[in-house]
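Open your viewer and get ready to click along. Each stop tells you what to select and what to look for there.

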Amino acid sequence: MSQLSDPNTWLDQHGDALFRYALLRVRNTTLAEDMVQETLLAALKARVDYAGASSERTWLTGILNHKVIDHFRLTHREQPLAEDLPDDYGISDELFDERGHWMNTPSTWSNPDQAFEQQKFWETLAECVARLPPRLAELFILREVNGLDTEEICKVLDISTTNNAWVMLSRARMQLRQCLEVKWFGR
Amino acid sequence: MMSCKKIANLVSVSLDRPLSFRERLGVLAHSLICKGCTHYNNQMLFIRAASHRITKQWDTHNDGPRLSPDAALRIKNSINQNIS
């Protein structure tokens with residue numbers, strides 16, 4: 001069982017971590033700052049109900065995560081994801097010739113494991129996620145950063161079939177790969 | 001033989017649902033003769049591993065973006081006003 005610390009210290013202890021968590025997902029500095037503020041204010045109100053089952057950081061992150069998911073749900077209701085897909089596999093036709101062969105055949109990425117040791121890599125990854133079209137970014141984040149399964153994601157983002165979600169994820173990963181290839185692996 | 005375009009899609013789909021026997025066989029047969037799709041598969045696995053790790057990475061090492069001093073001050077003030 002853990003106990004909460006003085007709310008006056010929350011920002012110093014967890015502010016940056018909560019901000020990074022929000023920024024990676026909503027990809028907008030002002031919005032991420034607002035979410036940190038809303039999270040801490042919500043936590044202030046809810047602190048009497050804190051059961052101590054999780055750490056303070058985990059508890060606060062949980063509150064923030066609810067706000068992120070609500071935000072995604074709301075923006076998708078206002079601006080539904082375009083599900084009319086221009087090609088069969090969700091992968092840009094520019095990347096393949098008319099017979100479906102690679103125009104530029106992928107080659108090996110050198111020392112990918114070393115990337116994990118470098119702080120700059122993580123910023124590049126976040127930047128590449130932020131460069132995806134907004135709806136694809138949110139789909140990708142829910143799947144690969146938050147680890148939701150496709151059915152749960154379809155409910156949050158109001159996507160009609162899991163098949164459409166798979167096609168869109170394929171497109172998101174393809175675009176992210178292109179971005180990392182240029183911005184990190186230097187091709 | 002399936003095209004690279006179709007294989008690239010299946011490689012991504014395999015991260016979201018189990019492939020059917022026929023799909024797995026298609027990917028396997030194609031990968032034996034196509035280095036490009038094998039590299040693509042490895043890159044997809046790399047992207048997955050990195051995405052799974054980024055939250056923890058920033059949390060553990062306390063690096064990555066930080067709140068600006070202005071935002072921190074604003075949030076601190078709003079907490080102070082609301083502590084009862």
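Select chain B and turn on its surface: the accessible area comes to about 4,700 Å², and 57% of that belongs to carbon and sulfur atoms. Keep in mind as you look around that this is a predicted model.

**Stop 1: the outline of chain B**

Switch chain B to a cartoon view. How many helices and strands does chain B have? You should find 4 helices and 0 strands, and reading along the sequence gives the pattern α-α-α-α. The radius of gyration of chain B is 22 Å, while the globule rule gives 12 Å for 84 residues, so chain B is more spread out than a compact globule. Turn the C-alpha trace to view its principal axes, along which chain B spans about 65 × 25 × 20 Å.

**Stop 2: inside chain B**

Now colour chain B by burial. Of its 84 residues, 45% count as buried. Next, think about which parts of the chain meet. Taking the contacts in chain B with a separation of 6 or more, 50% are between residues 24 or more positions apart.

Colour the charged side chains too. Chain B carries 12 positive and 5 negative side chains, and the centres of these two sets lie 10 Å apart.

**Stop 3: where the chains meet**

Show chain A together with chain B. The contact takes 48 residues from chain B and 61 residues from chain A. Between them, the two chains bury about 5,000 Å², with 63% of it on carbon and sulfur atoms. Which three residues should you pick out on chain B's side? Select Lys5(B), Phe46(B) and Trp58(B): they supply 15% of the area that chain B buries against chain A, more than any other three residues.

**Stop 4: helix H7 of chain A**

Move to chain A and select residues 150–157, which form helix H7. Cys154(A) is found in this helix. Is Cys154(A) buried or exposed? Its relative accessible area is 9%, under the 20% cut-off, so Cys154(A) counts as buried. Show its neighbours: leaving out residues up to four places away in sequence, Cys154(A) touches Ile159(A), Thr161(A), Thr162(A) and Ala165(A). Then draw a C-alpha to C-alpha distance from Cys154(A) to Asn164(A), which are 10 residues apart in sequence and 9.1 Å apart in space.

For the last click, stay in helix H7 and select Glu152(A). Glu152(A) is partly exposed, with a relative accessible area of 40%. A line from its C-alpha atom to that of Thr105(A), 47 residues away along the chain, covers 34 Å.

Technical notes
Residues are numbered from 1 along each chain as its sequence is written. Chains are lettered from A and ligands numbered from 1 in the order in which they are written. This is a predicted model: local features need pLDDT of at least 70, side-chain atom pairs count only at pLDDT 80 or more; totals for chains, interfaces and linings use all residues. Side-chain values use heavy atoms; hydrogens and water are left out. Helices (H or I, at least four residues) and strands (E, at least two) are DSSP runs, numbered from the N terminus. The radius of gyration is taken over C-alpha atoms; the globule rule is 2.2 Å times the number of residues to the power 0.38. Buried means under 20% relative accessible area, exposed over 50%, partly exposed in between (1.4 Å probe, protein chains only). Contact means heavy atoms within 4.5 Å. Accessible areas come from the Shrake-Rupley method with a 1.4 Å probe; for residues, only the protein chains shown count as cover. Lys and Arg count as positive and Asp and Glu as negative; His and the chain ends are not counted. The place of a charge is taken as NZ of Lys, CZ of Arg, CG of Asp or CD of Glu. Buried area is the accessible area (1.4 Å probe) that two parts lose on being put together, summed over both.
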